[in-house]
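Dear colleague,

I am handing over the structure we spoke about, and I would be glad if you could look through it before reading my notes.

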Amino acid sequence: MSASPLIEISDLRIRFHGDDGRVTHAVDSVDLSVANGATLGLVGESGCGKSVTSLAIMGLLPKQSAEITGSIRFDGFDLLKTPDQTLRDLRGNRLAMIFQEPMTSLNPSFTIGDQIIETILRHRGGSRKSARDRAIELLRRVHIPSPERRIDEYPHKLSGGMRQRVMIAMALACDPRLLIADEPTTALDVTLQAQILELMRELKAASGAAIILITHDLGVVAEVCDEVAVMYAGEIVERAPVDELFATPQHPYTVGLLGSIPRLDHRAEQLATIEGMVPNMAQPPAGCRFAARCPFVLDACTKAPPPLVEISSGHLSRCIRAPLELLVS
Amino acid sequence: MALLEVEGLVKHFVAERSLFGRALAHVKAVDGVSFSLDAGKTLALVGESGCGKSTVSRLVLRLIEPDAGTVRFDGRDLLSLDAGGLRAFRREAQIIFQDPYASLNPRMTVGQILTEPLALHGLVPAARRPERVAELLRLVGLEPRLARRYPHEFSGGQRQRIAIARALAVEPKLIICDEPVSALDVSIRSQILNLLRELQDRLGLAYIFVSHDLAVVKHIADHVAVMNLGQIVETAEADALFAAPRHPYSRALLSAIPVPKPRAKRSRIVLQGEIPSALNPPAGCRFHTRCPYVVDRCRSEMPRLVADGIGHATACHRASELPSSAAIVPSDGGFSPVLEKLVAAFSGGPEAVRGGGVSSLGTDLA
C-alpha cells in the first residue's frame, strides 16, 4: 500500500506575507501521504494549518501573499509546479473538495442542476442532455428524494443537509481519485451528520477514492478514518493508525485533546483542559511549539525543535518525551 | 418548589401575510411546551435545528412574548409583570449566547461591559464598581487588569468568559446558555464547561442549556428535554435518558452521537427523509413521517407526554411496545488504561509525571 501513495506531500511549508511585512508561518515541514481507498483524518484546532494545507493541495491559496515550498505529488504531477491551466483540469475532476458551509459554497443564482452540469460539461464534455441525466443520477446516489424535480431548484430551497449532499454530488461528478472534505458535518445536526458520514463511507466503498477529512471532532475521526495526523501550530505533531492514536497517543497535545472531550460512558467532574494559548506564528518559539502549554515539559523542550520520530511502526510523534506510557507506568 | 415552572407554552410566528396584513401562514415554533426546573440544577433542551429549543429559551426570559401558556419564576407569574417587574426579573435570569464575537459591544472596554449591568440595576455604589468588576473577572478566570481592554483583544474562549461574567454581574438565579460552547475549539470548550459547572456549585445557579451536542449535554445536564418540531417528545433525568431513551426520535438522536473510539459498538438508526416543516407540521405525531415504528394511529392522533412515575415522560403511542433501547446509545467503552493515566497526568500538571525534570529519552533526542 505504501509503495505508491495516491498523494504524497513532502516538506510542505507555507508562509503568508502580510501587507505590513510580517511573515506568518502557517504550515511547517508537513509530510503526508494517502493511499488509494484510504481515509486520512487531519485534526487540530482553529488556526493549526489544516485547512491551509488542503487549500495548498487544491492550488487555491492566493499567489501574491502565500509562499509555498516543498512538493505535493499527485497522480504524476507536482501540484506546486503544475501550470494553472492543468490545475483547472484536475480540480473538480480527479481532485475534488467539499467545504463546511454548503450555503456559501453554492451559487445562489443558479439551480443546483446548472451547477452540477457545469462541472460535468467542463471536464467530460458531451451533450447537455447526457450531463443532465448524469446529474440526476448523482443526486440519486447521494439520496436526494425525487432528483428529477429537485435538480431544477435553487440552493435556498434546500435544507442544510440536502445542500451538503448536493456539494458531495458535485464533488463526485467526475469520479475523483482524491476527495478533500473540510469539516463536512460541522454545521449539521447529529442525525444529518450520521447520514452524511454513512454516505461518505458508502461512496468510498463504491469508488475506491481516497479521502482527506479535515475536522476538529475526534468522534468523527474515530468513526471514518484509517489514519490520523494531528496538527498543532502549523506542524504535524503526531501521525498514527486510528486505533493506535486513540489507545496510546504519543504526543501530549493529543492526550489533552482526547481528555477534553465529554464522554458518554463516564461522567468526569472535570474535563482536561489545555492551558495557555497557541503561539504567535509570526515568531514561532525556538523549541517545541507546544512546550508553553505542556505539563510534561522539560528544559530540553524549549531549546531545540523536536523532530518527528517513529515510536512504533507507522506511529510518529514530535515529542522528545515519547513513548509517553513510560511517564505514567 | 421549583424555581421555574413552564406550562403549555405556545409561540406561533407569522410566516406570511396578505396584502392587508392578515396572517396567512404560521410557523408553529413552540406548541404546548411544559417543564420545570429546580434551583441549582441544569435542564438541557436538545433537538435538531428548528425544533424550537432557542425559541423556548427566549420565551422563558420574555425576550419574545408567548401566544399562550404560563411561566412562573420563584412563584411569580412572569407574563403578568409590568415593565418594572420585568426589569427586576431580568436581574434574576440572564442569557449567554453561542457567538461570543457578536454578543459583546466592540466599542466598550471589558470594564464598561461589566459595569453596565451594575449601574442599570443600581446594584453597587459607583465607587465600588471597579472592585466588583475585578471580582467578576477573577470569578471567570480572567485577570482583573484585563478590564481596560476591548473585546477584539481576546480569543473566543476568553470572550465567552466575559459574556459569562456579564451574566453573573447581577447575581442571577438562572442562566440560559444557548449553545454556549458550539463555536469554540475542543480544548477551550472543556474550559468553559468546567467553569459553568464550578460556578453552578459555588453560586447555586440553575441553567437551561440549549445544545445540539449530546455528549456535552450528557456531561452537564441533570435533566434533559428532547424537542421535535415545537414539542417535547421525551423528558427524563439525564442518566436515565442516556441509559435507555424511549421515544423513537430520542433513540435516533442518541444513536447517532459520534464517540471517540474506533470500532465503537453502535447500532445507529439513520433516519430517512427530511425534517418536516414547522410551517405545516404533519398531523398526528409530528415524528411519524420519519419514524421506523409508525402505525396508523400515529398519523391521526397526537400522542400526549405521559410520565411513568419516576419522572421519565414519553410522547409516543407505542412507547410500551417498542424493543429495548438499552444498547442504543453508542458505547465508547472507556479509554485504554494507558490513555486514562496519561489524561490524569496531563490534568495533574508536571508533578504528576514520573521522573519530573529528567527523561532518559529526552537527552539523546534533543
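Below is what was found in it, beginning with confidence and going on to a sheet and the nonpolar cores.

Please keep in mind that this is a predicted model, which scores ipTM 0.85 and pTM 0.88. Chain B averages a pLDDT of 88, and 95% of its residues score at least 70. I would read residues 355–366 of chain B with care, since pLDDT stays under 50 over that stretch, for which the model has 16 contacts beyond four places in sequence.

In chain A there is an open sheet of four strands, paired antiparallel in the order 2-1-4-5. Its edges are formed by strand 2 (23–34) and strand 5 (77–78) of chain A, each of which pairs on one side only. Strand 5 is joined to strand 4 (residues 66–74) of chain A by two bridges, and A:R73 has A:D78 in strand 5 as its bridge partner. Helix 1 (residues 50–58) of chain A packs on this sheet, where it touches strand 1 (7–17), strand 2 and strand 4, and its direction makes about 110° with that of strand 1.

As for the cores, the largest nonpolar one has 80 residues, and A:I116 and A:V166 have the most contacts inside it. Helix 6 (residues 160–171) of chain A supplies the largest share of this core, namely seven residues. Leaving aside residues up to four places away in sequence, A:V166 touches A:L106, A:I112, A:I116, A:L139, A:I144 and A:L158. Another core, of 69 residues, lies apart from that one and includes A:L271, B:L118, B:L142 and B:V181.

With best regards

Terms used:
Residues are numbered from 1 along each chain as its sequence is written. Chains are lettered from A and ligands numbered from 1 in the order in which they are written. This is a predicted model: local features need pLDDT of at least 70, side-chain atom pairs count only at pLDDT 80 or more; totals for chains, interfaces and linings use all residues. Side-chain values use heavy atoms; hydrogens and water are left out. A nonpolar core is a set of buried Ala, Val, Leu, Ile, Met, Phe, Trp, Tyr and Cys residues joined through side-chain atoms within 4.5 Å. Buried means under 20% relative accessible area, exposed over 50%, partly exposed in between (1.4 Å probe, protein chains only). Contact means heavy atoms within 4.5 Å. Two strands pair if DSSP finds at least two bridges between them. Axes are lines fitted to C-alpha atoms, for helices over the stretch in contact, and angles run from 0 to 180 degrees between N-to-C directions. pLDDT is the predictor's confidence in each residue, from 0 to 100.
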